[in-house]
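Here is a small set of exercises to work through with the model open beside you. Try each task before you read its solution.

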Amino acid sequence: MRWSNYYLMTAREAPRDAEVVSHQLMARAGLVRRLAAGIYTMQPAGWRTMRKLMAIVRREMERAGAVELSMPAIQPAELWEESGRWFKYGAELLRMEDRHGRRFCFGPTHEEVITDLVRRDVKSYRQMPLNLFQIQTKFRDEIRPRFGLMRGREFIMKDAYSFDTDEEGLDRSYQAMYGAYSRIFEACGLEYSVVEADQGAIGGSSSHEFMVLADTGESAVASCAACGYGANVERAEIGDLPRPAAAGDSADGDEPRRVSTPGATTVAEVAGMLEVDRALVIKTLIYETDDGLAAVAIRGDREVNEVKLLNVLGGLGLRLASAEQVAEATGGSLGFSGPVGLSADVRLVADESVRSLNGFVCGANAGDEHLVSVRWDRDVASVRPLEWVDVMTAEASDPCPRCSGGVLRISRGIEVGHIFKLGTAYSESMNCTFTDEQGRQRPAEMGCYGLGIGRTAAAAIEQGHDDDGIVWPVPLAPFTVVLSSLDPGDEAVRSAADGLYQELEAALAPGGFDVLYDDRRERPGVKFKDADLVGFPVRVVVGARSLRAGGAEVSSRQDGGREVVPLDEVSDFVLGRLRQHV
């Protein structure tokens, strides 16, 4: 392909709304163009990268036994009502009506549609297992679309769905997809991590996220180098924390007593005023949920993980209660809530980390007062229901929950793939059943496997870039090689470059590589800057100077190394370089 005939227009400046590196560079390199908030046109070079990625995905999906199909993007509301998600999914679901007033949505995912398809056709255990996948445009009406393809409203996703007769079969399908995803990201040349994850709106019993590691990643990942444990911080567990220093007044016979703490509304202020370890100050936060008010008690030196808390409490909403709601539930003001004497209408949960703490300090549910020498068994659990739960946010250097002696580290990652064990959540609600070997009707065991195509391309840029532009891994580059003719008006240069272009095309194509011939009448500096910006892995330069030096100059985008290679050896030299990076 000749650049002069190709639609590739670069820009020196990034759009003002481009907040992250991938968005800035994709816009400047002529890969994407914004049409509306969170909606982008994939320009030819960007679409080439997407097609290369989709080819890798298709290859590994089929290798794992999945079969491709294509489902409608517009879905009838009745299916979503059957599954119970029409209202549960929230405002991100783009709802619409046709001219007859029938309700539809633009699919953000396809669990309902695939379940409807399979329940119509599959009647016997002999027809399973099944795994069906598609690569298709989705739409989620994000309240604040941002970061380009990282969090757009319209996006391309590969989604697959498995159907098995039992949990053992689901385990096998899940592991097959786990392996396929690992091979996909390895084939893309990306550094990634696999972590346990929260199921979110999809539901199900367990899930894993595939994270491309990058300093600019939007997700925090907790991992242990000693045993390999990894989890999204939204889900990460924590080992046993060291006990805090004793308060000195925790004897069994001590009754809780009120102490004056005027103006001390923070844990640090209370701990300093009473001269106790912050971990012995139990903070109690009051939340409003769709089912009423709930109180969560946690060590004063740690933070509540609201994703974990929402999973514990259930319902659809979770938000901190207002000052008026706190006063009604506790009789006190903000900053002085505690688990003792709460209204019976308030659900009380406490983090496991405080179960063994006695003689602790907490709010007295009265203005400017705290209680000391409080015991869970005597002063709280004996009076009202109390639930012990894990709602703590993991932090760096916390004990690993899986091994002895390991500690957690926190790194950043970009979620590019997410796999779920759905179980029978959808097959039961939508009556997707089959007849087993004993003639009984049973719901299918389902799995769901999503991979963001655009997100993966953007994540590759977040992981691979420098001050000059994109540094693509070879398999995802829109073109593997750029051939730059520096003096197209010079007959010798033009003839050498034209000949080399033909040779490179013939040599690279069998290996799955490709070349863009920069034959534009532009200054050498412009061509060099554009090549670095777009991020072609290998650049071959033909000019009067290189010909005098004996050939063409070949350079690597990744390491910056360059050397002059005789013209008749360039194709083999470039092919060898590329094979080293695939």
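**Exercise 1. A salt bridge with two environments**

Task: Find out whether aspartate 436 is buried or exposed, and which residue forms a salt bridge with aspartate 436.

Solution. Step 1: aspartate 436 has a relative accessible area of 6%, so it is buried; buried means under 20% relative accessible area, exposed over 50%, and partly exposed in between, with a 1.4 Å probe and protein chains only. Step 2: the partner is arginine 440, with the closest N and O atoms 2.9 Å apart. A salt bridge here is a side-chain nitrogen of Lys or Arg within 4 Å of a carboxyl oxygen of Asp or Glu. Step 3: arginine 440 counts as partly exposed, at 47% relative accessibility.

Before you go on, a word on the ground rules. This is a predicted model, in which local features need pLDDT of at least 70 and side-chain atom pairs count only at pLDDT 80 or more, while totals for chains, interfaces and linings use all residues. Residues are numbered from 1 along each chain as its sequence is written, and side-chain values use heavy atoms, with hydrogens and water left out.

**Exercise 2. More salt bridges**

Task: How many salt bridges does the rule count, and which strands hold arginine 347 and glutamate 387?

Solution. Step 1: the count comes to 51 salt bridges. Step 2: in one of them, the side chains of arginine 347 and glutamate 387 meet at 2.8 Å, N to O. Arginine 347 sits in strand E17 (residues 347-351) and glutamate 387 in strand E20 (residues 387-389), so this pair, 40 residues apart, links distant parts of the chain. Helices (H or I, at least four residues) and strands (E, at least two) are DSSP runs, numbered from the N terminus. Step 3: look at exposure. Arginine 347 is partly exposed, with a relative accessible area of 30%, and glutamate 387 is partly exposed at 29%. Step 4: now pick out a network of salt bridges, which links Arg2, Glu491, Arg494, Asp498 and Asp519.

**Exercise 3. Reading a sheet**

Task: In what order do the strands of the five-stranded open sheet run, and which helices pack on the sheet?

Solution. Step 1: the order is E28-E27-E29-E30-E31, with mixed pairing; two strands pair if DSSP finds at least two bridges between them. Step 2: strand E28 (515-518) and strand E31 (562-565) stand at the edges, each with a single partner strand, so one side of each has no neighbour in the sheet. Step 3: from one strand to the next, the twist averages 20°. Axes are lines fitted to C-alpha atoms, for helices over the stretch in contact, and angles run from 0 to 180 degrees between N-to-C directions. Step 4: E27 (residues 481-485) and E29 (residues 538-542) run parallel and are joined by 5 bridges. In E29, arginine 539 is the bridge partner of valine 482. Step 5: helix H12 (residues 491-508) touches E27, E28, E29 and strand E30 (552-556), and its direction makes about 170° with that of E28. Helix H13 (residues 524-534) touches E27, E28 and E29, and its direction makes about 165° with that of E29. Contact means heavy atoms within 4.5 Å.

**Exercise 4. Charged residues in helices**

Task: Is glutamate 60 buried or exposed, and what does the side chain of arginine 119 reach?

Solution. Step 1: glutamate 60 belongs to helix H2 (residues 44-63) and is buried, with a relative accessible area of 4%. Step 2: its side chain makes polar contacts with those of arginine 59, at 3.1 Å, and arginine 63, at 3.4 Å. A polar contact is a pair of N or O atoms within 3.5 Å; within protein, one must be able to donate a hydrogen and the other to accept it, and residues adjacent in sequence count only if both atoms are side-chain atoms. Step 3: leaving aside neighbours within four places in sequence, glutamate 60 is in contact with Ala180, Arg183 and Ile184.

Step 4: arginine 119, in helix H4 (residues 111-121), is buried at 18% relative accessible area. The side chain of arginine 119 reaches the backbone oxygen of methionine 430 at 2.5 Å. Step 5: for the setting, 8 of the 11 residues of H4 are buried, so H4 is largely enclosed by the rest of the structure.
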